[in-house]
Amino acid sequence: MDLSAINPLLFVAGFLVAATPLIFAALGELVVEKSGVLNLGVEGMMIIGAICGFATAVETGSPLLGFAAAAVGGAALSLLFAFLTQITLANQVASGLALTLFGLGFSALLGQSYVGVKPPRLAEVNFGPLHDIPVLGPILFSHDIILYLGFAMVVAVWAMLKFTRAGLILRAVGESHDAAHALGYKVVRIRTLAIMFGGACAGLGGAYISLIRVPQWTEGMTAGVGWIALALVVFASWKPWRLLLGAYLFGGITQLQLNLQGAGVAIPVEYLAMSPYIITILVLVVLSADKSAAPASLGRNFHASS
Amino acid sequence: MKLSTLLASAALALGLAGGAYADAHGKTKVGFVFVGPVGDGGWTYEHNQGRLAVEAEFGDKVETVFVESVAEGPDSERVMTQMALDGADLIFTTSFGYMDPTINVAAKFPDVKFEHATGYKRADNVSTYSARFYEGRAIQGHIAGKMTKSNIIGYIGSFPIPEVIRGINSAYIHAKKVNPDVEFKIVWAYTWFDPAKEADAAKVLIEQGADVVLQHTDSTAPQAAAQEAGNVITFGQASDMAQYAPMPRVSSIIDDWAPYYIARTKAVMDGTWTSTDTWDGIGPGMVGIGEISDAVPADVKEEALALKASIADGSYHPFTGPLKKQDGSDFLAEGETADDGTLAGMNFYVEGITGDIPN
Amino acid sequence: MIRLEKRPQASQAFSWAAPLLAVIATMFFGGLLFAVLGKDPITSIMTIFWEPLFGDFAFYYRPQLLIKGAPLVLIAIGLSLGFKAGIWNIGAEGQYIMGAIFGAATGLAFYPTESFLIFPLMVLSGALGGLLWAMIPAILKVKFGTNEILVSLMLVYVAEQFLASMALGLLKNPEGFGFPGSRNLQQYASAHNAELIAGSGMHWGVVAALIAVIFAYVLLARHQLGFAIRVTGEAPRAAKFSGVNPTRLVLFCMGMSGLLAGLAGMFEVAGPAGQITIDFNVGYGFTAIIVAFLGRLHPIGILLAGCLMALTYIGGDIAQSQLGLPAAAIQVFQGMLLFYLLAFDLFTNYRLRVGRTEVA
């Protein structure tokens, strides 16, 4: 065993990257759930984002255009969910699962000609002298623009929910759609917009995997990140800051177990591999004293005459 | 009536049983059962390339069919049965987990030939085949041992099964031979497929000082991680991954099933097919060594090619004694080579590798 | 102007017609998709829906429908009880895995002794494995109010790692030359969940699924507990006043769904699958969630939905091999089918009104 082999600076920088797809996808879902809608199709929207982003980046040579396309792709797929749950009032759990199935299949069809292709790289943001600050430099100032965007979005969503009228309306719709409707808010329209925002974020998260974290296109490459993102929203009890914390915790534990393996710590690997999930459960139990958080109308459909 | 007789008689009654169908149409039908999607860029992708090579070789005389992403267990048994019912003459089942289903289905269709990859159960109409990837690992180990400056070589394993352990041992033996100070850091991903986790594993190994990363997983994630780090070298796995040449990818192990698939299809056409156990390596071309790039010094490249040639012509075996096991007990005496049985079930590290195999 | 109006009560006619309409719509648009991919749409659709049921080899595929559908129905029935009461166990996949591990481990512990007692013991321990695994989220929920969706989902990943560890370690076949995977229970008579009538596809898991359907039907229609489940889901406050004990309800619903998922896993590993391997689980636990909702959480509906899902899987594989359709196209097709089924359900509870009949 040689724990000194683990470089704490690189370790922290590493899990910032690992957490970014989770942050995007979970943040989008948080907004969706705040509006009272449960969309279990995150994995499907992520993988669509992954291929839309990848294909666009390869064709245009611009990773940033790729990310834009990923957001559009994710949002477009989420419209399908919005139609099912908001217009035809279908069950949200089943619609979300169907969306995942559809997304996985459809992305594979779209991606047939992109297997084995190498995408253009997104450069790190040039912070000049900031990059050379000891400790903070390698941790904070050595990443790509999208990672910072993820962080900025957490702040933006937090501020939007807390301070703006739009946030207030969103929360009102999520708490009681009937009351919001009575006040004259367009429940269906607001929820549809929230769902599209969730789709766009999931798409960005997927593209972060296919364009930066891995980077390649392979069928089914999101490999369950969307499900973790869903769990993260509950874990964070619908609070953006806790979501950030949760994503770092989850990314951190995964990184830590790989680091420990590399350092030769003699813990059975399969139990190490389980550890992120078990620790998530434990933290959840500790946090579950806080019951104020879940939007009251979560998962329930709204129809104006009901 | 038992199901097997029912199936066989029904197939016969319909005139679709293997041989009859082939004769009637003059086409040999070859089925492939794949465990992943053909777009996985790795294991299944390469088997599908083999299938396409069969089509290219025989043209109109052959018809190939495949089903992808077939789960091991009852689903695979159903897909095999279905192919046999539809008149396949030869069926390749390309995952270890298809072993018992292949044997079960083969018993019901004695006229259909089956080829099971990486397994050990055979029957009159079931052959097994596998590739000696460890031969390629020996060459990787040699290059890695020569080129590492930090003397730390990272290795990403999927699951601790004999196939993977054999590869680790082979790479280690040959790295150690040219560089006695070399150390292996092994990380088990505990997944067959999770590119993001592979990327993480590669980054962790690089952060811990590895300047060579070997992988027993199929994604290009480790290549990209190495490229970003700059001074780290890697090897392509399953496919050539030439898009990452000349650095970080300095060479590769390529699964090349085409020659075998073509030969076996030909044997069915000629009526010369018999049940065999094939375990081919570099020599017959089942294991390909991708172009060694210019990032490797010329003398090292020359040695690597010489090693490849000696393995290919059989004059050198990668597991040649004297070798000890990790616990210090004797494995192979001076000049002794490991027999295939030992290699197939290898579940121990050789002396010098630190850490324990999980379980 | 077209607007939706809630029906005074659910339309019986539409609850039957909606699935049919959905299948027709899927055939049409799925056919379009296949045409875009360069395949003959009519042949493709026929291959998926007709071939397994009435094609040349239907004698083989029909029993396969039972084998593929039984675990789906068994798990979905258990899940539907909780879903009706607003208790969300989405970790059936993990409970399925644990049931299989417990069941197989029990059987293998006796190897090679032959006794008629072994199989019933395996059934019991399989059920116990699923039950225990489901009790973790259940107890955390009643003790600490922890969200059961998340805990049950996390436990799926834990169970998957545990499965890998078992397949590579404790349960590894000692005669397997070091390869992963347990002994094959199909070759161990006392532990084999064999077909009851050869070639029929009927194994104990199918029987259990049918019993579960009847059990759930009776429970929901006639029993006090069934009433408690329904009232909790529809009006949680009313449930409190009518004396429903929410703690017991959570424990019952989670426990029942875990137990049935565990049984499904045990019957699968002892029968069609035969052995514990790293990739033993193939997503039945998640697909069953879809099946439960497609069946509108009604036992008979779930039975039919399970058969329909099984049909698309089997037909899909045939279409892949006969027509060269990619697996992804089949997945998209299944997704479409689900979308239409869900969307057309609208007309069961609502109807379209043309014109301005009331002021919004």
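Which residues of α8(C) and α11(C) meet? From α8(C) they are W204(C), G205(C), A208(C) and A212(C), and from α11(C) they are L260(C), L263(C), A264(C), F267(C) and E268(C). The model is predicted.

**Two helix pairs in chain C**

Packed helices are described by the angle between their axes and the distance between the axes. α8(C) covers residues 204-222 and α11(C) covers residues 246-270. Their axes lie 9 Å apart, at an angle of about 160°. Angles over 145 degrees count as roughly antiparallel, so α8(C) and α11(C) are roughly antiparallel to each other. The crossing of these two helices is left-handed. By class, their contact has seven nonpolar residues, one polar and one charged.

The other pair is α6(C) with α7(C). Here the axes come within 9 Å and cross at roughly 150°. By the cut-off of 145 degrees, α6(C) and α7(C) are therefore roughly antiparallel to each other. The crossing of α6(C) and α7(C) is right-handed. On the α6(C) side the contact is made by W133(C), I136(C), P137(C), A138(C), L140(C) and K141(C). On the α7(C) side it is made by E148(C), V151(C), S152(C), L155(C) and A159(C). This contact counts eight nonpolar residues, one polar and two charged.

**Along α6(C)**

Helix α6 of chain C has 27 residues, 118-144. What span should it have at 1.5 Å a residue? The expected value is 39 Å, and the end C-alpha atoms are 38 Å apart, which agrees. The helix does have a kink of about 30° at M135(C). The proline P137(C) follows shortly after that kink, and P137(C) is also one of the residues of α6(C) in the contact with α7(C). Just after the helix, G145(C) takes a positive phi of about 70°.

**Chain C and its neighbours**

How many residues of chain C are in contact with chain A? There are 36, and they meet 36 residues of chain A. The elements of chain C that give two or more residues to this side are β1 (2-6), α6, α7 (148-168), α12 (284-294) and α14 (327-344). By class, this side of chain C has 25 nonpolar, eight polar and three charged residues.

Towards chain B, 32 residues of chain C are in contact with 39 residues of chain B. Elements giving two or more residues to this side of chain C are α4 (58-84), α7 and α13 (299-323). α13(C) gives the most, with six residues. This side divides into 17 nonpolar, 12 polar and three charged residues. α7(C) is listed for the side that touches chain A and again for the side that touches chain B.

**Backbone exceptions**

Most residues other than glycine have a negative phi, and most peptide bonds are trans. Two peptide bonds here are cis, as tabulated.

| Cis peptide bond | Omega | Place of the proline |
|---|---|---|
| A245(B) to P246(B) | near -5° | P246(B): loop between β9 (233-238) and β10 (249-255) of chain B |
| Y111(C) to P112(C) | near 0° | P112(C): loop between α5 (92-109) and α6 of chain C |

Phi has an exception too. T118(B) is not a glycine, yet its phi is positive, at about 70°. T118(B) lies in the loop between β4 (113-117) and β5 (126-131) of chain B.

How values were computed. Residues are numbered from 1 along each chain as its sequence is written. Chains are lettered from A and ligands numbered from 1 in the order in which they are written. This is a predicted model: local features need pLDDT of at least 70, side-chain atom pairs count only at pLDDT 80 or more; totals for chains, interfaces and linings use all residues. Helices (H or I, at least four residues) and strands (E, at least two) are DSSP runs, numbered from the N terminus. The expected span of a helix is 1.5 Å times one less than its number of residues. The bend at a residue is the angle between axes fitted to the seven residues ending there and the seven starting there. Two residues are in contact if their C-beta atoms, placed from the backbone, lie within 7 Å. Ala, Val, Leu, Ile, Met, Phe, Trp, Tyr, Cys and Pro count as nonpolar, Asp, Glu, Lys and Arg as charged, and the others, Gly among them, as polar. Axes are lines fitted to C-alpha atoms, for helices over the stretch in contact, and angles run from 0 to 180 degrees between N-to-C directions. Angles under 35 degrees count as roughly parallel, over 145 as roughly antiparallel, 65 to 115 as roughly perpendicular and the rest as oblique. A crossing is left-handed if the near helix is turned anticlockwise from the far one by less than a right angle, and right-handed if clockwise.
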